[in-house]
Protein chains: 4
Amino acid sequence: MVSDKVARKMELKKARVLEAAIALFAENGYEATTMADIAKKAEVGFGTVATYFGSKEELFYTCVVQPFQPLIVELKDFNVSPTSYPKEIEAMIRKHIFLFNAQDVYLQLLVQVIGQYEKFPVIFAEINKQTNELQQRLIELIVNGQNEQQLSEGEPLIIAISYISLLFGLCLSSVGNFPKDMLEQFATRAIYLFGVK
Amino acid sequence: MVSDKVARKMELKKARVLEAAIALFAENGYEATTMADIAKKAEVGFGTVATYFGSKEELFYTCVVQPFQPLIVELKDFNVSPTSYPKEIEAMIRKHIFLFNAQDVYLQLLVQVIGQYEKFPVIFAEINKQTNELQQRLIELIVNGQNEQQLSEGEPLIIAISYISLLFGLCLSSVGNFPKDMLEQFATRAIYLFGVK
Amino acid sequence: MVSDKVARKMELKKARVLEAAIALFAENGYEATTMADIAKKAEVGFGTVATYFGSKEELFYTCVVQPFQPLIVELKDFNVSPTSYPKEIEAMIRKHIFLFNAQDVYLQLLVQVIGQYEKFPVIFAEINKQTNELQQRLIELIVNGQNEQQLSEGEPLIIAISYISLLFGLCLSSVGNFPKDMLEQFATRAIYLFGVK
Amino acid sequence: MVSDKVARKMELKKARVLEAAIALFAENGYEATTMADIAKKAEVGFGTVATYFGSKEELFYTCVVQPFQPLIVELKDFNVSPTSYPKEIEAMIRKHIFLFNAQDVYLQLLVQVIGQYEKFPVIFAEINKQTNELQQRLIELIVNGQNEQQLSEGEPLIIAISYISLLFGLCLSSVGNFPKDMLEQFATRAIYLFGVK
DNA sequence: CATGAATGAGCCTTCATTCAT
DNA sequence: AATGAATGAAGGCTCATTCAT
């Protein structure tokens, strides 16, 4: 019989461990991060980490996969047949860029997994599947925009990949994070990729 | 007194070790790659790796820094005040993209270092310095193009960063490498970032 | 929160490890003794040794320095202005020789450190400081004895060094340990060094 | 066919290697001294050391045993039935002490072997055999002196062991070596052990 | 003969995991 | 449930030895 109070405490601790783990995995990578480091940063005993998450591998899995769900939902949240394509695309890009910037620590981690997909095949597959859905949705948007003649010609797949690459590429470059006004400018510039007239 | 024959042989072995190391570091990351793995792949005794490169850390340094020099030289090899900016930029982008694609294994490694710059501060500083020079040269090109009114308005720094980010971002995406015709298309699309009229 | 029972158990194990380490270091020297040997002799996992003492170097330090404190206290425990100098000196020597004999394993270790002082500078400095205090105390005793004309002439420093050298020299010779009656005889003989009339 | 010139050169090199080895073994001990260190100090290629002396163990054996022969001969060179025992003993002790002091590096090495006899059983046996002969000769001297009533009573074995221990003990203490006048004083003091009247 | 490139056995150390409290 | 003492697998590195030149 576990009281709500205790359960609440547990959840808080678990969240603290997860946050610490994400930060350390992002900064140092999988192997260079020790369970003891994580426990210390989360201010729990290191046995506790094992109790909550099982093995280190499972913890890493959770670190990468769990925050990805809400993120991808946000990223996919745009209208694929808006009235004004330029306006919708601009809004989408701005949203994306600010999202990426807000989650920079997590994205540093994500970039590692993507950059070493052979090392994390299971996790990568999961990530990739979802990212492909985002890609599909982008293609849909582009195709519609081109059909409506609000966007200039160009292979939609190429545009979608280029755009996603630009987003992740900006993550790589964002040493010390960009100030807000620069983010705005990146957004404005990225629109060009879509062939907005 | 070392004969030329022996020296030649050594050079060959050294190159073989380096190639193996780059491939394994790129695929698995620094920690997950063992000296034994490298030696095995290079078909030498693992003591030999130590004899050639000292420590694992030094080997990694060499793996990242040594191939970077010729690469960055190639990347910086474009005319900053051409007659036709659109043509020069298109040629440059095509060159860049094909270079990146040809060196995909090495670039996977490079992306790791950039993505975890806190973990490899010395190497990153070296890389970053050179990359900044490339960025400066790009800015020069863009400023000139804008002055000549062959390129539309836009903050040159933002454009340069966006472009470099796109290049590295494409590296991240290039799982299993793109076919040649897709590379051409990426090049064509990337031009848009520069505001070519 | 560690229970007393656990803490007790740990102390016992720690003592067992230390004893094993002293014996093996004494017999084989620092480098020739492996952490695995020590763990095996102490009947613990070899990770445990590291948990308790950190590194091999720290363990060695503890092995040499920790038992030295009580020993030197005992060695310095004599009266520097007794009524009868011959009697006090005889008692002191007997005590010293029996102490050395009782701690023969530890002293074999100590002799190594002294004999290779360049190799163990920090430990040696610590040992040397204390030994010098013993030497000073011996000199005090001798000077007093000479002033009281109970001891014959002779440079006190020379006598003190000779005596200490004799003690350590006997350690070197004591292969398989001397029987008790021989120890008595050594004590009787060593008195001569002090110029007892 | 090896010319004398070449043979001479070899002998010189060999001697240089041996000297370097003794110095390094004495300072750092057997394991902590590497073949490469020795080769470097002797200014020869490290393959050469192996060519000359075979294995490291054989080299160590040579380092300890070879210089011992002439040393022990010198140490045993005293008259066991002199006219004046006090004079003979004084001369002997002075000779011994100056010999020990002159060969301090080698003796540091010797002390290691004696102090860790279990580790070097073969070498120790050899050393011990010869040292016992010295001890026997000392006993002979003492017995004769006592019979002639030039030396006071006392178990000759005890005296001999004490004296040899003192000699080796002084080696241990001689950090930075004693000045000549102190050596004289040690000699004068050591005479007391023999019960010179 | 003299050399040093090549090698792999063996060691210290780190660290994920287990389990008793 | 939470903890950390205990453990041993695994990796980097050192270094004696071998052997081709």
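# Questions on a predicted four-residue tour and its chains

User: Where in chain D is Met35(D) found?
Analyst: Keep in mind that we're looking at a predicted model. In chain D there's a helix that covers residues 35–42, and Met35(D) is found in it. That element is helix H2.

User: Is Met35(D) buried, partly exposed or exposed?
Analyst: Its relative accessibility is 21%. Buried would need a value under 20%, and exposed one over 50%, so Met35(D) falls in between. The label for Met35(D) is therefore partly exposed.

User: Which residues does Met35(D) touch, leaving out those up to four places away in sequence?
Analyst: A touch here means heavy atoms within 4.5 Å. With the sequence neighbours set aside, the partners of Met35(D) are Phe46(D), Val49(D), Gly54(D), Ser55(D), Lys56(D) and Leu59(D).

User: How far apart are the C-alpha atoms of Met35(D) and Phe168(D)?
Analyst: Along the chain, 133 residues separate Met35(D) and Phe168(D). In space, their C-alpha atoms are separated by 28 Å.

User: Staying in chain D, is Leu151(D) buried or exposed?
Analyst: Leu151(D) is found in the loop between helix H8 (121–147) and helix H9 (156–173) of chain D. Its relative accessible area is 2%. Because anything under 20% gets that label, Leu151(D) counts as buried.

User: What is Leu151(D) in contact with, beyond its neighbours within four places in sequence?
Analyst: Some partners come earlier in the chain: Leu151(D) is in contact with Ile89(D), Ile142(D), Gly145(D) and Gln146(D), among others. The list also includes Phe194(D), Gly195(D), Val196(D) and Lys197(D).

User: And what is the C-alpha distance from Leu151(D) to Glu90(D)?
Analyst: In sequence, Leu151(D) and Glu90(D) are 61 residues apart. C-alpha to C-alpha, the two are apart by 13 Å.

User: Over in chain C, what is the phi of Glu43(C), roughly?
Analyst: Glu43(C) lies in the loop between helix H2 (35–42) and helix H3 (46–53) of chain C. With 65% relative accessibility, Glu43(C) counts as exposed. Although Glu43(C) is not a glycine, its phi is positive, at about 55 degrees.

User: What phi does Gln149(C) have?
Analyst: You'll find Gln149(C) in the loop between helix H8 (121–147) and helix H9 (156–173) of chain C. Gln149(C) is exposed, at 61% relative accessible area. This residue isn't a glycine, yet its phi is positive and near 60 degrees.

User: Which residues of chain B form a positive surface patch?
Analyst: One member, Lys5(B), sits in helix H1 (residues 4–28) of chain B. Lys5(B) has a relative accessible area of 72%, so it clears the cut-off of over 30% for patch residues. The full patch is Lys5(B), Lys9(B), Lys13(B) and Arg16(B).

User: How many helices does chain A have?
Analyst: Chain A has zero strands. Reading along its sequence gives α-α-α-α-α-α-α-α-α-α. The helix count for chain A is ten.

User: What share of chain A is buried?
Analyst: The C-alpha atoms of chain A fill a box of roughly 60 × 35 × 35 Å along the principal axes. Chain A has 197 residues, and the buried ones make up 51%.

User: How far apart are the nearest C-alpha atoms of chain A and chain C?
Analyst: No contact joins chain B and chain C, with their closest C-alpha atoms 21 Å apart. Chain A and chain C don't touch either. For chain A and chain C, the nearest C-alpha separation is 11 Å.

Note on methods:
Residues are numbered from 1 along each chain as its sequence is written. Chains are lettered from A and ligands numbered from 1 in the order in which they are written. This is a predicted model: local features need pLDDT of at least 70, side-chain atom pairs count only at pLDDT 80 or more; totals for chains, interfaces and linings use all residues. Side-chain values use heavy atoms; hydrogens and water are left out. Patches are made of residues with over 30% relative accessible area and no salt bridge: like charges are joined within 9 Å, nonpolar side chains (Val, Leu, Ile, Met, Phe, Trp, Tyr) within 5 Å. Accessible areas come from the Shrake-Rupley method with a 1.4 Å probe; for residues, only the protein chains shown count as cover. A salt bridge is a side-chain nitrogen of Lys or Arg within 4 Å of a carboxyl oxygen of Asp or Glu. Lys and Arg count as positive and Asp and Glu as negative; His and the chain ends are not counted. The place of a charge is taken as NZ of Lys, CZ of Arg, CG of Asp or CD of Glu. Helices (H or I, at least four residues) and strands (E, at least two) are DSSP runs, numbered from the N terminus. Buried means under 20% relative accessible area, exposed over 50%, partly exposed in between (1.4 Å probe, protein chains only).
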